[in-house]
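Trainee: Please show me how to read the features of a structure, one at a time.

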Amino acid sequence: MGHEDTRGDMRECGAVATGGRAVPARGGVGVRPLVVAGKELKTYLLDVQALFFSLALPLLLVGLMVAAFGGQDEFHATAYVVNLDRGEVGADLVARLDAAPGIEVELLDEGTAARRLDRSQILCAIVIPPGFSDDVKAGRPPELIIRRRGTGGREGQIVVSYALGLTREVAGEHLVAGRVTEVLAGMGRPAARETVDARVAALFAEARAEPPVEVVEEAVGARAEPVAIYLPGLVSMFALFSLTLVSVGIVEERKKGTLERLMTTRLTRGELLTGMWLGSIGRGLLQILFLLGVAWPIFRIFTPASFARVVAFSALVVVSAAGIGLVIAALARTAEQANWIAVFFTMVMTTLGGSFFDVSGARGVLGVASRLTYNFWANDGLRRLIARGETLASPAVLTDMAVLAGIAVVSWAVAAAFFRVRADER
Amino acid sequence: MAAGTGQVHERGDAFVEVRELRKVFDGITAVDGVSFTIQRGEIFGLLGPNGAGKTTTIRMMATTLPVTSGDVIVAGHSVHDDPAAVRRHIGVCPQELALYPELSALDNLMFFGLMGGLTRAEARSRAMENLELVGLADRARHRVAKFSGGMKRRVNLAIALMSRPELLFLDEPTVGVDPQSRNHIFTTIEGLRDGGMTVLYTTHYMEEADRLCDRVAIMDAGRIVALDTPHNLKARLGDPEKVTLEDVFLHLTGRRLRDEG
Ligand SMILES: Nc1ncnc2c1ncn2[C@@H]1O[C@H](COP(=O)(O)OP(=O)(O)OP(=O)(O)O)[C@@H](O)[C@H]1O
Ligand SMILES: [Mg+2]
């Protein structure tokens, strides 16, 4: 206790001795966390391995998704047609076939068609024989020649039945025109066949343009695209995975002594924590923007507005994941421990939270357990935004956001309470 | 208690005063009642075998390790009561390299400079100055991870100088450094001392301490066993021209290996 009494005068001498040499305070409280965050981001962008795991790996998974769900495209086929007819009816048939949904016509000459069939380069060719137009116009049943290898292939069969239907349509229209000419003549009001043909063709064209059948498409289930289920799962999983692994780096820094060294500068513990948190958030945002940006053109599941909503919601997802990462950094004693906790935690949360299967309807123990995970709320919100087109103002999405914000606040508080700068603290 | 063999200074001269400093880690007393003062502009050596408590003492003086009891007053501020004020006066070059290997040397220095309250422009120019000082200006933009051990040591030192501290803690700055680099570091330190900087220096190389230090304290098992100028310490054993500081050190701390327990 003897030293207590001398403290006062020591201070005074110290102050005198110090003079004005101390570095004046500058670069206020607000800037330092941002500088720390900037440093964290720079380190991340310079780390090839981290970049690989956080950017390339998600990309790989998106690729797998494309491979798995890419086959669900609409029907598409090429019709190989040899048109030997010189009249307009054959040309009309070709035009109608080309206009059919999912079918594209490629015109070949007879020799090429034969050669390609021979080499199995194509499995089916439709030949419109010479005199096709004349037959149709004369009301005789026209001939259509189908050349095929084996069954002609599934696409070939569909194309052929389409072509047959269209031929029937074309022939029928001309048949009707012929009959109309006859009927008019029988009624004593003869008309030129050309005039009748033109009039009848116009009527049929009108009917085709506005078909008397209205098709109502009913999707069963809410936009059943698997992408809309798995992409949110990927986003929440990767945010959690990479941001909990940030803790490993922080624990290493603590062990190495850089955190302790920073405490000899003007940086406060709170600023340090805030800076690392912001850095982690920046990292997560970069990652998610990348993932969603890649997914957009591939899966075409976004409009600019829905993309913006998803990004805004994802920002909250990232903020809460960053908080969880800080908690792990605060509690783990060694880098291995942090690594192990991060991986285990991510796996359990991801599975329970329904990144790979939809648990939103789960009841009982699983229902309760899944609601205890961050992923559940992240996935639920993202799926609502992506698959159901809900907005940030929808009550369910607002609930998700409130829970994520709650996770962020609680994790921040826990991290702030337990975070250690030195390896031998406490 | 200190051996009390040091010169008696008037208290008014003391820039740093260490008072009855103690640190107990889970029952292990690492520092056991250490007291000394350092004058402004002095290079003060803290010597001692492994585990003597040098690093623990420095960490307490540099405000990063709470004291168990006792206090350190730097420029009139208590590390215990006003650590933020103490930090404005100090620079620390820790024994373990504390830097960011993924970043360039320049980025490392600038980062710590910004943390010390410099503006970006100041941090950049001072970082370049410091790299020049430690002979690494041409490697400024290279990643520290690619540096040799000696180069990393010099970056470690250059970081400590970013705040142009009045009091510089150097905890074994020359470990694993070749004679050329070491010589460079010595000249750097002497230059800083001539510029008015106060330095606390620890090393296991006695000839370094002999060359650089105005006074040395020899610590063993958490206590100071001797404190004087190198010359006076050598004179205690015999002819100061013939006796080395190492002889004094071994005489005072014994020949028993420290890790034999
Ligand atoms: N964080 C800690 N927890 C427990 N014991 C510690 C801790 N830090 C140091 N010690 C103990 O305190 C004693 C002094 O250690 P310190 O590192 O201060 O020695 P030193 O003089 O710097 O040694 P060296 O020359 O090897 O660097 C040692 O017995 C050491 O084991
Ligand atoms: Mg040491």
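Mentor: Start with the ligand. Ligand 1 is surrounded by residues from chains A and B, so its site is shared between the chains. This is a predicted model, in which local features need pLDDT of at least 70 and side-chain atom pairs count only at pLDDT 80 or more, while totals for chains, interfaces and linings use all residues. Residues are numbered from 1 along each chain as its sequence is written, chains are lettered from A and ligands numbered from 1 in the order in which they are written, and side-chain values use heavy atoms, with hydrogens and water left out.

Trainee: Which residues come nearest to ligand 1?

Mentor: A residue is near a molecule if one of its heavy atoms lies within 4 Å of it. There are 14 residues around ligand 1, and A:Asp424, B:Gly51, B:Lys54, B:Thr55 and B:Thr56 come nearest. Helix α1 (residues 54-61) of chain B gives the largest share of this shell, three residues. Helices here are DSSP runs of H or I with at least four residues, strands are runs of E with at least two, and both are numbered from the N terminus.

Trainee: Where are the polar contacts of ligand 1?

Mentor: A polar contact is a pair of N or O atoms within 3.5 Å; within protein, one must be able to donate a hydrogen and the other to accept it, and residues adjacent in sequence count only if both atoms are side-chain atoms. In this site, an N or O atom in the side chain of A:Asp424 is 2.7 Å from a nitrogen atom of ligand 1. An oxygen atom of ligand 1 is 2.8 Å from a polar side-chain atom of B:His204, and an oxygen atom of the ligand is 3.2 Å from a polar backbone atom of B:Ala52. On its own, ligand 1 has 630 Å² of accessible area, and the protein covers 69% of that (Shrake-Rupley method, 1.4 Å probe).

Trainee: How many salt bridges are there over all chains?

Mentor: Side chains of opposite charge can pair when their charged atoms come close. The cut-off for a salt bridge is a side-chain nitrogen of Lys or Arg within 4 Å of a carboxyl oxygen of Asp or Glu. The whole structure has 31 of them over all chains. One of these joins A:Glu88 and A:Lys137, whose closest N and O atoms are 3.3 Å apart. The pair links distant parts of the chain, 49 residues apart: A:Glu88 is in helix α4 (residues 88-99) of chain A, and A:Lys137 is in helix α6 (residues 132-137) of chain A.

Trainee: What lines the second largest cavity?

Mentor: On a 1 Å grid over the protein atoms alone, a cavity is a set of points where a 1.4 Å probe fits but cannot get out, and lining residues have an atom within 4 Å of a point. Grid points are joined across faces, edges and corners, and a volume is the space filled by probe spheres set on the points. The second largest cavity has a volume of about 40 Å³. Its lining is A:Val81, A:Leu93, A:Val94, A:Leu97, A:Ile126, A:Ile128, A:Leu144 and A:Ala163. Three of the lining residues come from α4(A), the largest share.

Trainee: And what volume does the largest cavity have?

Mentor: The largest cavity has about 180 Å³. Among its 17 lining residues, A:Thr264, A:Thr265, B:Ile90, B:Gly91 and B:Ser163 lie nearest its centre. β6(B) gives the most to this lining, with three residues.

Definitions and conventions:
On a 1 Å grid over the protein atoms alone, a cavity is a set of points where a 1.4 Å probe fits but cannot get out, and a pocket is an open set with protein on both sides within 12 Å along at least five of seven lines; lining residues have an atom within 4 Å of a point.
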